[in-house]
Amino acid sequence: MKKRRRRFFGFIILCAIMVIGYSIINKGESTTIPPKQAAGESNTGQSGGEVSGELGSNPVVPGDGEDAGKGSGAANGSKDEPNQPTAPGQAGQMEDGRTVIAQPESISVLVNKQNKLPENYSPADLVYPDVRFVFKEKVEKRMMRKEAAEALERLFKAAEDDGVLLAGVSAYRAHSTQKSLFERYAKRDGEEKALTYSAFPGTSEHETGLAIDVSGSDGKCAAADCFGDTKEALWLEKHAHEYGFIIRYLKGKESITGYQYEPWHLRYVGTDIAAELAAGGETLEEYFGAVPVVK
Ligand SMILES: [Zn+2]
């Protein structure tokens, strides 16, 4: 019995040793291998990070490349959008191959050979600015929209304080006026030729009530190239933006605006846009990233 017992205990002890040994080995594995794995993981993790980092900037990896592309694209988009304003109502309907402006009443509206005012548009707040004109009559072409008219009064006053006497030549022109004018020219010379010297109805800035042609108080060089060399023109070039006006058709930008240099044609856009355009020597088309109007 003693022998059996000893054997039994011996067996139990052996079993216990085996169990403990196994658990130690296991424990050993679980304590030694995981650190290796952890190290391995952290290595692969690191190198993976580096790799994906490298690949992230490498367009070869479609996922990362696309994401990076989209990411930077979106970032650029959201970054560019505030800097690249959209012209009011630029996405209007097409008519006669031109876009019909959806927000013609906007102060910063872009009207040109490609973007025309709607047929039935007439500004609601036209007034007579209290400034000198080259004529005496209270007629349509003496009118401007209220905000522009008030800014024009400030501009004329400031010019006068600097010894520069300006005079209005032609401001607002109703759509119906432009239409009958253009149709008369088109009937006489054909539409193609008429387009070279007269604006297609709806595409003249004068229809917005935000534009005015000016000259010196003597009326000389009114709407003529010689105005560019006058002290009035020089004063306007320097100061018009301070009152929210831009020289709309700049020298050297003819292919963008679609018009020859017109130092006498002022357009009210408000002081913010005017200051920005004056500082950069840009046109309204460039400001809005619009398609250049190639003649
Ligand atoms: Zn004009």
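This is a selection-by-selection tour of a predicted model.

**Whole chain**

Start with the protein chain in cartoon view, where 9 helices and 9 strands are assigned. Colour by burial next: of the 295 residues in the chain, 28% are buried. For contacts between residues at least 6 apart in sequence, 60% join residues at least 24 apart.

**The three-stranded sheet**

Select β1, residues 94-95, together with β2, residues 98-100, and β3, residues 115-116. These 3 strands make an open sheet ordered β1-β2-β3, and the pairing is mixed. At its edges are β1 and β3, each pairing on one side only.

Zoom in on β1 and β2, which run antiparallel and are joined by 2 bridges. Show Met94 and look across to β2: the bridge partner there is Thr99.

Now select Asp96, which lies in the loop between β1 and β2. Is Asp96 buried or exposed? Asp96 counts as exposed, because only 10 C-beta neighbours fall inside 10 Å and the exposed class extends to 12 or fewer. Check the backbone torsion here as well: Asp96 is not a glycine, yet its phi is positive, about 55 degrees. Most residues other than glycine have a negative phi.

**The four-stranded sheet**

Move on to β6 (166-170), β7 (211-216), β8 (245-249) and β9 (262-268). In what order do the 4 strands lie in their open sheet? The order is β6-β7-β9-β8, with antiparallel pairing. Since β6 and β8 stand at the edges with a single partner strand each, one side of each has no neighbour in the sheet. From one strand to the next, the twist averages 45 degrees.

Isolate β6 and β7, whose antiparallel pairing runs over 4 bridges. Two pairs are worth labelling. Leu166 has Gly216 as its bridge partner in β7, and Gly168 stands opposite Val214 in β7. Although β6 is an edge strand, 4 of its 5 residues are buried, so β6 is largely enclosed by the rest of the structure.

Follow the chain out of β7 to Cys221, in the loop between β7 and α6. Cys221 is another residue that is not a glycine but has a positive phi, about 60 degrees. Cys221 counts as partly exposed because it has 19 C-beta neighbours inside 10 Å, while the buried class begins at 20.

**The largest nonpolar core**

Hide the cartoon and display the side chains of the largest nonpolar core, which has 44 residues. Which members touch the most others? They are Met144, Leu152, Leu155, Ala240, Phe245 and Leu266.

Bring the cartoon back to see where the core draws its residues. The strands β6, β7, β8 and β9 each supply at least two, as do the helices α3 (146-161), α6 (231-239) and α8 (271-280). Helix α3 gives the most, with 7 residues.

Centre the view on Ala240. Leaving out residues up to four places away in sequence, Ala240 touches Leu155, Phe245, Ile246, Ile247 and Leu266. Of these contacts, Leu155, Phe245 and Leu266 are also listed among the members that touch the most others.

**Helix α4**

Select residues 175-189, which form α4. The helix has 15 residues, and the distance from its first C-alpha to its last is 21 Å, close to the 21 Å expected at 1.5 Å a residue. After α4 comes Gly190, whose phi is positive, near 90 degrees.

Within α4, pick Lys179. Lys179 counts as partly exposed because it has 15 C-beta neighbours inside 10 Å. Add Ala199 and draw a distance between the two C-alpha atoms: the residues are 20 apart along the chain, and the separation is 9.1 Å.

**Helix α8**

Finish at Glu276 in helix α8, one of the helices that supply the core. How many C-beta neighbours does Glu276 have inside 10 Å? There are 15, so Glu276 counts as partly exposed. Select Tyr287 too: Glu276 and Tyr287 are 11 residues apart in sequence, and their C-alpha atoms are 8.7 Å apart in space.

How values were computed. Residues numbered from 1 in each chain as written. Predicted model: local features only at pLDDT ≥ 70, side-chain atom pairs only at ≥ 80, totals over all residues. Pairing = 2+ DSSP bridges. Core = buried A, V, L, I, M, F, W, Y, C linked by C-beta atoms within 7 Å. Contact = placed C-beta atoms within 7 Å. Expected span 1.5 Å × (residues − 1). Axes fitted to C-alpha atoms, helices over the stretch in contact; angles between N-to-C directions.
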